[in-house]
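Me: Got a minute to go through a model with me? I'll throw questions at you as I scroll around.

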Amino acid sequence: MIELKNKQFIIDGKPVLIMCGEIHYYRLPIEEWEDRLNKLIESGCNAVATYVPWICHEETEGLIDLEGKTRPELNLVKFIDMCKDKGLYFFLRPGPFIMAEMKNEGIPYWVAKKHPEIVPTTWDALVTPNPTLDYLAPNFLKEVDKWYEAIMSITKPRLYDQGGNIIAIQLDNEIGMLTWVSNSPDLTDHVLVDFADWIKNKYDHETIKNRYPFSIDDLTNYKKAILSPSESYAANLLKDYGYYSRNRFARYVKELRHMAEKYGVKDIPFVINIHGTGGGRGLSFPIGISQLYETYQDEGYMSGSDIYFGDLTIQNFQDLYLINGFMDAVHNEHQPLSSVEFNCGDGNFGDNLGSRYDISASDFKARMCIAQGNRLINYYLMTGGYNYRLTNKPNDGNDRIAITGERHGFAAPINPEGDLSYTFPRMARSIKTIMANSEKLASMNEEHDNVAFGFIPDYFMTESYYPSSVVMKDLIKNLQQHRAGLAWETISKVMLLNNYRFTAVDIQNKEIDVNKTKVIVLASARYMSQAIQQKLVDFLNMGGSLLLAGELPIYDMETHPCTILADALGVTVKETLYNRHRFFMSVLPDNWAKGRAERRSHYAQTFESDSATPIYRVYHNNAVCGFEANLNKGKAIVFACELGGDLSLIKQTLERLGATKGISHNQKFHGLFITTQVNKDNERFIHILNLDGFDKEAQITLNNKVLFDGRTLLIQSKEGVMLPLNVTYNGVKINYSTAEVYQVNEHSIEFRLTQVSDVISIETDKEIELSLDYNLTKQNNKYFITSNKHSKVDNQLIAKFI
């Protein structure tokens with residue numbers, strides 16, 4: 001039995017971690033499958049994931065081959081069964097869309113040729129540039145139903161509950177991504193009629209008249225008005241079409257789930273993957289969260305991230321932390337975090353040496369994801385392969401199944417020829433370390449301080465806007481500037497470097513509990529809905545604190561004046577100033593922020609107030625651009641200008657707001673990401689990443705106690721450690737260890753050493769074997785193992801117990 005409960009992935013009543021590797025069986029000769037599976041097992045993974053390409057399995061309409069009758073490598077049945085024979089779980093991803101660089105995004109060419117009406121038009125009645133289709137078009141769903149009938153017929157007997165190994169099914173892939181990246185929303189006749197019905201159900205007749213200066217029932221004029229909208233209703237359309245799209249995507253997912261269940265595939269997690277990273281950053285990822293917000297809210301669903309960052313560095317490490325936090329914020333109390341496309345390998349995606357990742361890349365990302373509670377990670381791609389030529393040649397230049405040429409997955413840890421890349425050993429070490437501790441990690445939760453990052457999904461509902469609309473573009477430009485501006489780029493990063501462990505809260509759709517969250521850090525634009533502004537005022541009145549960065553809102557999300565929050569704080573917004581050619585606008589601190597340097601700022605929103613305390617001013621006119629204000633029991637600090645990466649300023653700001661933190665260190669050059677996890681038995685891991693390319697030494701303090709009996713830890717260059725505190729393995733309690741637990745057996749524990757001389761504090765009734773590798777001492781009921789090995793010379797130590 002498989003359950004999603006208490007943010008855990010539970011199989012037969014036991015929380016588990018699923019570490020998958022993506023292997024595209026159809027891109028490999030069948031005789032090479034076993035080699036790739038053995039190498040996946042060598043990496044430490046316990047599961048296999050794969051897309052199932054409809055375009056390959058039903059190249060000709062009606063001839064569906066899932067058993068290798070047309071090509072041996074299309075024998076999906078054999079591949080799943082081979083994985084089961086090797087003791088591997090299976091995560092099935094049958095589309096219908098799969099992307100994966102497949103031509104036509106994995107949809108057979110005959111589908112659109114047979115049903116041309118499902119090919120979307122977009123703004124100004126133009127044809128969409130990407131090969132997407134109208135998800136809810138009846139004829140598309142009819143063809144998908146046939147595909148699902150075939151794929152589910154071989155899936156059902158292989159479900160885990162039926163004695164098989166399939167533990168999760170992904171429905172479609174990156175839903176809505178193609179329309180977003182090209183700003184080409186689906187506006188077929190079918191969609192436009194459906195949108196009109198949605199508007200009628202959403203608003204009463206009088207409200208519709210006020211929102212749109214045309215008749216929704218006059219379909220001819222209505223279609224023209226939506227395809228080429230006017231400025232008078234542009235902001236309304238931006239909001240309405242965004243909300244409609246969420247609803248439409250959710251209905252599409254329900255259709256797919258209904259098909260799967262109709263053909264016997266049920267009582268299994270249905271996975272929705274969320275897209276959005278790009279250029280090595282995660283700044284746009286929440287667009288995917290916003291688009292798919294309604295698709296996975298019901299029971300039985302879990303969402304998974306697509307993580308394409310490359311190296312995790314000081315530049316971008318906060319992106320991954322925020323992404324996991326935002327995903328968790330919109331989940332229900334049972335849904336776990338997961339990453340269903342977790343980029344691994346060397347980054348050489350173009351086979352042109354255009355990128356080359358550090359060996360720490362997948363290790364760091366996996367450690368952070370596990371620390372934040374990810375229960376399933378799918379390494380994508382684990383192995384490369386080949387793109388064969390289609391039988392029905394499209395005459396597109398090479399006739400192959402994918403756009404990448406003959407070879408595919410050049411960057412994978414296992415290349416198309418089956419050779420291991422330089423990234424494989426470190427990745428495997430990471431996976432094996434995680435799996436050695438998986439029985440503990442699978443039920444642990446990250447510990448959080450009393451501060452959270454606020455998340456507003458509608459701030460990222462910007463994927464579809466009419467290119468000629470100044471109203472839409474101005475609104476979106478301001479949202480883009482601030483949603484991923486000061487709060488994301490600077491404050492969240494500095495918070496993590498100051499070792500605040502914070503969660504995120506969906507302040508738009510969920511209640512804010514001031515007893516759980518004392519301080520909210522919020523990226524704010526000049527647009528914010530009336531409801532959210534009022535919710536923040538209520539939060540402050542109840543004694544909460546707010547750190548707002550960006551601009552104080554003066555409009556709602558439809559550009560109507562709305563100053564509820566500003567009015568409550570006792571300030572008047574005057575104007576927003578901008579840097580310009582040969583004018584070097586600068587801001588300088590005031591009052592308690594004094595003592596810091598003046599700095600340049602490309603913008604500054606200015607205020608007047610009789611009650612607020614100025615903390616930043618514009619140099620050339622002395623206007624206030626940052627302030628502190630009290631509201632009944634609460635306090636707000638607003639920064640409406642750029643700030644530098646000043647660790648002391650943000651720490652002082654958060655302390656003034658009442659934020660406290662439980663963990664700290666004394667390494668002056670910072671660059672250490674540190675967080676902790678704990679379970680109900682008070683077993684704990686401390687996770688540390690050294691993001692820099694030089695060794696660091698630090699004492700770590702947790703809840704006012706210096707850990708490791710006061711020892712100074714060496715955190716090696718670009719290394720991560722996961723150190724146990726009060727963790728018991730087979731009757732051996734590790735009070736603390738400066739070495740990682742790498743493998744656990746019935747009568748031994750293998751450690752990965754990390755120090756010049758590691759120390760492991762143990763309590764056990766068992767006898768510990770003596771060894772030349774370490775000194776063994778006993779104090780009261782505690783044993784101390786002190787390694788005789790320098791970790792940079794030999795990092796393996798095995799302690800045996802009798």
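Me: How many bridges join strand β30 to β31, and do they run parallel or antiparallel?

Reply: There are 2 bridges between β30 (residues 700–702) and β31, and the two strands run antiparallel. Keep in mind that this is a predicted model.

Me: Noted. Which residue in β31 is the bridge partner of L702?

Reply: That's K705.

Me: And what sheet has β30 and β31 in its order?

Reply: An open one of 3 strands, ordered β26-β30-β31, with antiparallel pairing. Its edge strands are β26 (663–665) and β31 (705–706), each of them pairing on one side only.

Me: Jumping to the other end of the numbering. What's the order of the sheet with β1 in it?

Reply: β1-β2-β3, an open sheet of 3 strands with antiparallel pairing. The edges there are β1 (2–5) and β3 (14–15), and each has a pairing on one side only.

Me: Over how many bridges do β2 and β3 pair?

Reply: Over 2, in the antiparallel sense, with β2 covering residues 8–11. In β3, P15 is the bridge partner of I10.

Me: OK, helices now. At what angle do α10 and α16 pack?

Reply: At about 60°, and their axes are 8 Å apart. α10 is residues 234–262 and α16 is residues 470–483. That angle makes α10 oblique to α16.

Me: Is that crossing left-handed or right-handed?

Reply: Right-handed, as α10 passes α16.

Me: Which residues meet there?

Reply: From α10 you have A234, A235, L237 and L238, and from α16 they meet V471, M472, L475 and I476. The contact divides into 8 nonpolar residues, no polar and no charged.

Me: What about α17 and α20, what angle do they pack at?

Reply: About 85°, with the axes 9 Å apart; α17 is residues 486–497 and α20 is residues 647–656. So α17 is roughly perpendicular to α20.

Me: Which side chains should I click on for that one, meaning which residues of α17 and α20 meet?

Reply: Try I491, V494, M495 and L497 in α17, which meet L647, I650 and L654 in α20. For the contact of α17 with α20 the split is 7 nonpolar, no polar and no charged.

Me: Changing topic: how many salt bridges does the count come to?

Reply: It comes to 57. One of them is between the side chains of E22 and R93, at 2.8 Å from N to O.

Me: Where do E22 and R93 lie?

Reply: E22 lies in strand β4 (residues 18–22) and R93 in strand β6 (residues 89–93), so this pair ties together parts 71 residues apart in sequence.

Me: Any backbone oddities I should look at? For instance, is the peptide bond from G95 to P96 cis or trans?

Reply: Cis, with omega near 20°. P96 sits in the loop between β6 and α4 (109–114). In that loop between β6 and α4 you'll also find E105, which has a positive phi of about 60° although it isn't a glycine.

Me: And the peptide bond from Y380 to L381, cis or trans?

Reply: Cis again, this time with omega near -20°.

Me: Where does L381 lie?

Reply: In the loop between β11 (374–380) and β12 (385–386).

Me: Great, that gives me plenty to look at.

Notes
Residues are numbered from 1 along each chain as its sequence is written. This is a predicted model: local features need pLDDT of at least 70, side-chain atom pairs count only at pLDDT 80 or more; totals for chains, interfaces and linings use all residues. Side-chain values use heavy atoms; hydrogens and water are left out. Axes are lines fitted to C-alpha atoms, for helices over the stretch in contact, and angles run from 0 to 180 degrees between N-to-C directions. Helices (H or I, at least four residues) and strands (E, at least two) are DSSP runs, numbered from the N terminus. Angles under 35 degrees count as roughly parallel, over 145 as roughly antiparallel, 65 to 115 as roughly perpendicular and the rest as oblique. A crossing is left-handed if the near helix is turned anticlockwise from the far one by less than a right angle, and right-handed if clockwise. Contact means heavy atoms within 4.5 Å. Ala, Val, Leu, Ile, Met, Phe, Trp, Tyr, Cys and Pro count as nonpolar, Asp, Glu, Lys and Arg as charged, and the others, Gly among them, as polar. Two strands pair if DSSP finds at least two bridges between them. A salt bridge is a side-chain nitrogen of Lys or Arg within 4 Å of a carboxyl oxygen of Asp or Glu.
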